[in-house]
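Got your viewer open? Load the model, set it to a cartoon view, and keep the selection box handy.

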Amino acid sequence: MERLDKIISNLGYGSRKEIKALVKKGLVKVDGEVVKDNGVLIDPEKSVININGEDLFYREYIYLMMNKPDGVISATYDNREETVIDLLEVEHQVFNPFPVGRLDKDTVGLLLLTNDGELNHRLISPKWHVDKVYYAKIDKAVDEKDVEAFKNGITLDDGYKCKEGKLEIINSSNEGAEVMVTIQEGKYHQVKRMFEALGKTVVYLKRTEFGGLPLDQELEEGEYRELTEDELALLKSY
């Protein structure tokens with residue numbers, strides 16, 4: 001049970017003072033009855049709240065898929081840079097979601113956002129073996145020696161040895177290569193640093209899949225949508 005004004009405020013319908021004014025005007029109903037007390041305790045999962053003729057859709061958690069664009073940082077707030085939260089509509093911002101893991105500023109593609117801390121932990125912890133798949137363009141040729149290096153675990157510049165990764169070559173020539181990379185960790189700049197350890201540079205990076213969930217191809221960069229029940233069930237299976 002929660003206070004009515006707290007529930008409504010958390011959904012972005014104003015401060016508690018403003019909600020008290022709405023209640024005083026008789027504009028708030030719970031289960032069809034006009035509310036007299038803005039502090040009344042209700043179960044938001046079972047009761048229907050109505051403000052000025054509009055039913056509120058209450059949920060505790062929110063789950064979003066975004067096609068992150070270039071130039072935007074994976075953070076909840078920044079004084080100077082545009083963040084992925086800035087790309088959300090107010091109706092979703094009020095849930096205070098945060099990115100699940102992060103993508104570099106110049107990396108694009110699939111980014112999940114939620115306010116479900118437990119799911120976030122399971123998805124980013126290496127012990128749950130959640131695959132993250134990337135499409136990358138490399139400045140030099142990539143060969144079977146590189147594939148083997150990923151399989152054996154690449155040691156980064158700080159001495160950390162990555163867990164086994166999967167490198168698939170789409171095409172390769174002296175001008176460069178296109179590859180798919182699958183890892184289960186999320187170290188800082190990890191994919192870029194793995195290739196740097198091999199003497200190569202990533203010139204374009206896009207995450208295409210997270211935990212078996214592919215990026216919705218209908219989403220343009222900067223667009224997002226809520227996960228379907230089936231997509232959420234897939235992520236919660238970890």
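Here is a tour that goes from the whole chain to single residues.

**Stop 1: the whole chain**

Before you click on anything, remember that this is a predicted model. Colour by secondary structure and you should find 7 helices and 15 strands. Now turn the chain around. How far does the C-alpha trace span along its principal axes? It covers about 75 × 35 × 35 Å. The radius of gyration is 23 Å, while a compact globule of 238 residues would come out near 18 Å.

Switch on the surface next. The chain exposes about 13200 Å², and 46% of that comes from carbon and sulfur atoms. As for what's hidden, 45% of the 238 residues count as buried. Colour by charge, and you get 33 positive and 46 negative side chains, with the centres of the two sets 6 Å apart.

One more thing about the overall fold: take the contacts between residues at least 6 apart in sequence, and 64% of them join residues at least 24 apart.

**Stop 2: the nonpolar cores**

In soluble globular proteins, nonpolar side chains tend to be buried together. To see that here, select Leu4, Ile8, Ile138, Leu167, Val179, Val181 and Phe195, which have the most contacts inside the largest nonpolar core, a set of 46 residues. Strand S12, residues 176–183, gives this core its largest share, with 4 residues. Another core lies apart from that one; it has 15 residues, including Val100, Leu110, Leu123 and Phe210.

Go back to Leu4 and show what surrounds it. Setting aside residues up to four places away in sequence, Leu4 touches Val28, Val30, Val35, Asp37, Asn38, Gly39, Val40, Ile42 and Ile49.

**Stop 3: Lys29 and a partner across the chain**

Select Lys29, which sits in strand S2, residues 28–30. Buried or exposed, or something in between? Lys29 is partly exposed, with a relative accessible area of 34%. Draw a distance from its C-alpha to that of Asn50: the two residues are 21 apart along the chain, yet the atoms are separated by 5.0 Å. Asn50 is also one of the contacts of Lys29 beyond its sequence neighbours within four places, along with Val34, Val35, Val48 and Ile49.

**Stop 4: Asp146 and Lys200**

Find helix H5, residues 144–152, and pick out Asp146 there. Asp146 has a relative accessible area of 7%, so it counts as buried. Leaving out residues up to four places away, Asp146 touches Ala141, Leu167, Leu198 and Lys200.

Follow that last contact to Lys200, in the loop between H6 and strand S13 (202–210). Lys200 is buried too, at 11% relative accessibility. Which residues does Lys200 contact, apart from its neighbours within four places in sequence? They are Ile138, Asp139, Lys140, Ala141, Val142, Asp146 and Phe195. For a sense of scale, draw a line from the C-alpha of Lys200 to that of Thr76: 124 residues apart along the chain, and 32 Å apart in space.

**Stop 5: Leu156, tucked in a loop**

Next, select Leu156, in the loop between H5 and strand S11 (166–173). Although it's in a loop, Leu156 is buried, with a relative accessible area of 5%. Beyond its neighbours within four places, it is in contact with Cys162, Gln190, Arg193 and Met194.

**Stop 6: two residues with a positive phi**

Most residues other than glycine have a negative phi. Now try Asn96, which isn't a glycine but has a positive phi of about 55 degrees. Look for Asn96 in the loop between helix H3 (90–93) and strand S8 (98–99). Asn96 counts as exposed, at 61% relative accessibility.

Then jump to His189, another non-glycine with a positive phi of about 55 degrees. His189 is in the loop between S12 and helix H6 (190–196), and it counts as partly exposed at 25% relative accessibility.

**Last stop: Asp70**

Finish at Asp70, in the loop between strand S7 (63–68) and H3. Show its contacts outside the four-place sequence neighbourhood, and you'll see Lys105, Asp106, Val108 and Glu221. To link back to Stop 2, draw a distance to Val181: the C-alpha atoms are separated by 19 Å, with the two positions 111 residues apart along the chain.

Methods: Residues are numbered from 1 along each chain as its sequence is written. This is a predicted model: local features need pLDDT of at least 70, side-chain atom pairs count only at pLDDT 80 or more; totals for chains, interfaces and linings use all residues. Side-chain values use heavy atoms; hydrogens and water are left out. A nonpolar core is a set of buried Ala, Val, Leu, Ile, Met, Phe, Trp, Tyr and Cys residues joined through side-chain atoms within 4.5 Å. Buried means under 20% relative accessible area, exposed over 50%, partly exposed in between (1.4 Å probe, protein chains only). Contact means heavy atoms within 4.5 Å. The radius of gyration is taken over C-alpha atoms; the globule rule is 2.2 Å times the number of residues to the power 0.38. Accessible areas come from the Shrake-Rupley method with a 1.4 Å probe; for residues, only the protein chains shown count as cover. Lys and Arg count as positive and Asp and Glu as negative; His and the chain ends are not counted. The place of a charge is taken as NZ of Lys, CZ of Arg, CG of Asp or CD of Glu.
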